[in-house]
Amino acid sequence: MNTATAAFSELGSVVSVRGGIVDIRFENRVPPIHSLLRTGQQGKIVIEVLSQLDGHNVRGIALTPTQGLARGMPVTDTHGPLMVPVGNATLSRVFDVFGNPIDRQPAPINVEWRSVHHSSPPLARRSTKSEIFETGIKIIDVLMPLERGGKAGLLGGAGVGKTILLTEMIHNVAGQHEGVSIFCGIGERCREGEELYRDMKAAGVLENMVMVFGQMNEPPGARFRVGHAALTMAEYFRDDEHRDVLLLVDNIFRFIQAGMEVSGLMGQMPSRLGYQPTMSTELAQLEERIANTDTGAITSIQAVYVPADDFTDPAAVHAFSHLSASIVLSRKRASEGLYPAIDPLQSNSKMATPGVTGERHYRIAQEIRRTLAQYAELKDIIAMLGLEQLSPEDRNVVARARRLERFFTQPFFTTEQFTGIKGKLVSLKDALDGCERILQDEFKDVPERALYMIGTVDEVKITKVRVKPQPGLNPGPKPDSEVSIMHEST
């Protein structure tokens, strides 16, 4: 009798259903905030408690579709929050927000289940060192170095190489740093998820990777919590395994958007431009868990969609306030074949200071930016009047800048099957040496195409032999670099 009474006391009943918001009445014990409730056939409809309305009623957000839910239906309290599996058995697997595998393979065994709700690491546990996180990609390591345990934003539209860049970073981290990569798809399309899974498998990086998806067709509650689920998995590898973790989030704007939908459904008064009044708090609770501690680091690279290219939009402003580096992908550079298509003048990093990178690195990076900025200013003159009208100094600047642009291209491991060119991983030291030698005009007599799609600058000598003009052919009065510049301007 006592057991039956206790079981009955755990049951509630649905009072009202408004879209994804469900009000539930409990006669005796009201479940705490973040408790998981189950209802519907076989308990398939999952609801998370967001607020306690009074001594008997709670309001929750459905994490699954609410089709078939009706007033009066019984609701069971699971006496716990949303849980996800953590452990080495999760590697090379794909999960949804509940920790269920969605890769058509059996559920992993030997895993521990943990709550997705954690506080950020206390300041006493945080590492105070500012360390560079090497990616092996020349343009990023030289001009916009990433912070170990920091957050980098990746701004780019469709078709500019965003996914390829993310895949390459995963490959380099898995191969060089012996780290773990976790991909979190917030509001991803099923096509994007399937393509990414296939690309990762082909590139051979799936063994050290976990993928978590909250797809675009899922309710806002699931999209809102999938970031916390992925972070919980990342925290296990950082705190228990003492490994460095690369967390890739695509797209952080969709997390804010899901929070906005939840807030609207809950009946909260929106703030400016329709965003939820708790946006900064919700974003901070997620972002502040990404940190480097005395045991390991979670380094995050996040795709950031900027609505209507308006950088004053509240979502963009709050997202940028958490980032330590911004990497801007340019469609113009992609159309010129300069991959990775990163715009070096619009991208920046808070780590690019003499105190962190060192005097030599800072000096070379500033000189590169100055050279590329001068070239950008001279492009209009070259287009209108031609290269011959420039002063000898300006011609040298143009030649230097074009060689730098080509040196910053790099063959990727993840694109070997498409390009036929073997991927190259370049250390920061080799990248800086190459840039410094180009700035000192060491390669002014080398055709600029010899610097295209190479690894270290020492490979130029081999290429230089290959591109020698054949005997008996007149190479023309202009050097190869000037000919190509004139061709581009016309």
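Two strands are taken to pair if DSSP finds at least two bridges between them. With that in hand, the barrel of this predicted model can be described: six strands close into it in the order β1-β2-β5-β4-β3-β6, with antiparallel pairing. From one strand to the next, the twist averages 40°. Within the barrel, β4 and β5 are joined in the antiparallel sense over five bridges, and S51 is found opposite R59 of β5.

A helpful place to look at this region is L53, a residue of the loop between β4 (45–52) and β5 (57–62). Is L53 buried, partly exposed or exposed? Its relative accessibility is 41%, so L53 counts as partly exposed. Apart from neighbours within four places in sequence, L53 is in contact with D23, V58 and R59. Two of these contacts, D23 and R59, also form a salt bridge with each other, in which the closest N and O atoms are 2.8 Å apart. This pair links distant parts of the chain, since D23 belongs to strand β2 (residues 21–26) and R59 to strand β5, 36 residues apart. Both D23 and R59 are buried. Looking further afield, the C-alpha atom of L53 is separated by 44 Å from that of K162, a residue 109 positions away along the chain.

The protein chain as a whole has 16 helices and 18 strands. Its C-alpha trace spans about 105 × 45 × 45 Å along the principal axes. Of its 490 residues, 52% count as buried. Among contacts with a separation of 6 or more, 72% come from residues 24 or more positions apart.

Besides the barrel, the model contains an open sheet. Eight strands form this sheet in the order β8-β14-β13-β15-β16-β12-β17-β18, and the pairing is mixed. At its edges are β8 (93–95) and β18 (348–349), each of which pairs on one side only. Strand β15 (residues 245–250) pairs with strand β13 (residues 180–188) in the parallel sense over six bridges. In this pairing, S181 has L246 as its bridge partner in β15, and C184 has V249. On the other pairing, β15 and β16 run in the parallel sense over five bridges, where V249 stands opposite Q302 of β16.

How many of the six residues of β15 are buried? Six of the six are, so the strand is largely enclosed by the rest of the structure. The side chains follow an alternating pattern: V245, L247 and V249 point one way from β15, while L246, L248 and D250 point the other way, and all are buried. Two helices lie across strands of this sheet. Helix α6 (residues 252–265) lies across β13, β15 and β16 (298–303), running at about 50° to β13. Helix α4 (residues 190–203) lies across β8, β13 and β14 (209–215), and its direction is at about 170° to β14.

Charged side chains offer another view of the model, which holds 34 salt bridges. One of them joins D441 and R400, with an N to O distance of 2.9 Å. Here D441 is in the loop between α14 (428–439) and α15 (460–466), whereas R400 is in helix α12 (residues 392–407), so the pair ties together parts that are 41 residues apart in sequence. The two partners differ in burial: D441 is partly exposed, with a relative accessible area of 25%, and R400 counts as buried at 17% relative accessibility.

A further salt bridge connects the side chains of R406 and E448 at 3.6 Å, N to O. This pair also links distant parts of the chain, with R406 in helix α12 and E448 in the loop between α14 and α15, 42 residues apart. Both R406 and E448 are buried. They belong to a network of salt bridges that links R333, R402, E405, R406 and E448.

R369, located in helix α11 (residues 359–385), presents another case. Which side chain of opposite charge is nearest to R369? D343 is, at 7.4 Å, and R369 is buried yet has no salt bridge. The side chain of R369 does reach the backbone oxygen of S347, at 3.2 Å. Not counting residues up to four places away in sequence, R369 touches L143, P344, L345, S347 and N348.

Notes:
Residues numbered from 1 in each chain as written. Predicted model: local features only at pLDDT ≥ 70, side-chain atom pairs only at ≥ 80, totals over all residues. Heavy atoms only, no water. Helix = DSSP H or I, 4+ residues; strand = E, 2+ residues; numbered from the N terminus. Buried < 20%, exposed > 50% of the residue type's maximum accessible area, 1.4 Å probe, protein only. Lys, Arg positive; Asp, Glu negative; His and termini not counted. Salt bridge = Lys/Arg side-chain N within 4 Å of Asp/Glu carboxyl O. Polar contact = N/O pair within 3.5 Å; in protein donor to acceptor, adjacent residues only side chain to side chain. Contact = heavy atoms within 4.5 Å. Axes fitted to C-alpha atoms, helices over the stretch in contact; angles between N-to-C directions.
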